[in-house]
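Reader: I would like to learn how to read helix packing, pockets and exposure in a model, taking one feature at a time. Could you take me through them?

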Amino acid sequence: TAALAVKEKLGRMTPHAVVIAECFEDRPNKDRVLKGIGSVFPRKIVFGFATYGAFVHGGCRDHDAVSILAIAGDGVSVAASIRQDLGVAGLTMENDADELRGRLHTAGADLATGIHRRDSDRLLVVMADAHSPKNRFLVEGVQQVLGKDFPITGGSANKNAGQTFVYYQGRMYTDSAIALLLSGDFEVALSGRQAKDNDAVIASAAAGAAEVMQKTRKTPFAVLAYNCAGRKGKLDNIADELAAIQTAVPQTIPMFGCYCAGEIGPADTGEGDPETLSTGVGWHIMFTVLSR
């Protein structure tokens with residue numbers, strides 16, 4: 001049903017990529033999600049990951065639901081890559097930090113190297129089975145290839161047992177990371193905010209959304225928001241955060257957001273290298289605005 005609704009909105013346009021965020025608990029229903037979307041769109045253009053829910057202007061969903069973003073039209077193109085066998089399952093930052101750093105630096109560099117590059121590259125979206133704080137090492141690996149100042153956003157797959165799926169060309173993978181490289185005649189603005197209690201989550205969402213809109217120099221045509229599932233868990237009512245975002249992001253601009261186990265974007269920690277635009281962290285909401 002979601003795929004058909006997206007296809008109707010596309011009209012005669014053929015999508016370059018279809019990005020999904022699903023939050024079903026069991027493997028059979030995840031298979032059915034892919035089958036349903038594959039009955040509407042070619043599986044080779046379907047990408048995404050298992051999440052803790054998603055939100056668009058129409059509302060929030062955090063159980064047994066799927067959200068879909070279609071990327072289509074002139075002036076934007078999409079290239080994709082996957083890196084399997086990250087080898088980080090079961091490793092912890094407390095006991096295996098050096099091993100994690102080495103494996104994820106290599107994986108991130110492979111992920112970036114395996115993608116088709118062009119002069120008009122603008123944004124890399126990463127979805128990975130590497131939850132916070134492991135996601136920082138993966139991003140550092142990507143930056144070994146793309147550079148510290150290249151815009152990167154995205155999130156980590158649901159880390160609950162049996163949920164750590166990423167989807168590449170309509171197929172399920174675990175212990176893997178995928179990347180979508182968006183290129184074209186558009187500009188990118190990013191912001192990030194962290195918070196760990198109800199009021200601060202709401203206020204930080206409003207502040208982050210306002211900041212990214214202020215940074216946007218041209219006419220916005222899409223907003224991506226990778227949010228922390230931990231932030232969602234601190235809310236008395238998850239719709240309150242969406243309402244706060246909408247104080248800055250007009251409902252006329254398409255928005256695609258999801259709840260992750262670690263986010264990628266500008267860290268709101270006051271630490272790190274000031275020359276590095278994006279990093280992998282937790283407890284954040286990361287906004288990206290595309291404009292032209």
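Author: What follows is a short dialogue on a helix pair, two pockets and one loop residue, and the model is a predicted one.

Reader: Where two helices pack, at what angle do α3 and α4 meet, and how far apart are their axes?

Author: A helix pair is described by the angle and the spacing of the two axes, and then by the hand of the crossing. Here α3, residues 93–113, packs against α4, residues 135–146, at an angle of about 35 degrees, and their axes lie 6 Å apart. The crossing in which α3 passes α4 is right-handed.

Reader: Which residues of α3 and α4 meet, and how do they divide by character?

Author: On the α3 side the contact includes Met-93, Ala-97, Leu-100, Leu-104 and Ala-112, while the residues of α4 that they and their neighbours in the contact meet include Phe-137, Leu-138, Val-142 and Leu-146. Of the residues in this contact of α3 with α4, twelve are nonpolar, five are polar and three are charged.

Reader: Turning to pockets, what is the volume of the largest pocket, and which residues lie closest to its centre?

Author: One reads a pocket by its volume, then by its lining. The largest pocket has a volume of about 1000 Å³, and among the 40 residues that line it, Ile-68, Leu-69, Ala-70, Pro-254 and Met-255 are the closest to its centre. Elements that each supply at least two residues of this lining include α1, β5, β11, β13 and β14, and the largest share, seven residues, comes from β5. By character, the lining of the largest pocket divides into 30 nonpolar, six polar and four charged residues.

Reader: How does the lining of the second largest pocket divide, and which element gives the largest share of it?

Author: The second largest pocket holds about 340 Å³ of space, and of its 17 lining residues the closest to the centre are Glu-271, Gly-272, Asp-273, Thr-276 and Thr-279. Both α4 and β16, residues 279–281, supply at least two residues each, with the largest share, four residues, coming from α4. This lining divides into five nonpolar, seven polar and five charged residues.

Reader: Finally, why does Gly-11 count as exposed?

Author: Exposure is judged from relative accessibility, and the cut-off for exposed is over 50%. Gly-11 counts as exposed because its relative accessibility is 53%. Gly-11 is found in the loop between α1 and β1, and its C-alpha atom is separated by 31 Å from that of Lys-215, which is 204 residues apart from Gly-11 along the chain.

Definitions and conventions. Residues numbered from 1 in each chain as written. Predicted model: local features only at pLDDT ≥ 70, side-chain atom pairs only at ≥ 80, totals over all residues. Heavy atoms only, no water. Axes fitted to C-alpha atoms, helices over the stretch in contact; angles between N-to-C directions. Left-handed = near helix turned anticlockwise from the far one by under 90°. Contact = heavy atoms within 4.5 Å. Nonpolar A, V, L, I, M, F, W, Y, C, P; charged D, E, K, R; others polar. 1 Å grid on protein atoms, 1.4 Å probe; cavity = no way out; pocket = protein on both sides within 12 Å on 5 of 7 lines; lining within 4 Å. Points joined across faces, edges and corners; volume = space filled by probe spheres on them. Buried < 20%, exposed > 50% of the residue type's maximum accessible area, 1.4 Å probe, protein only.
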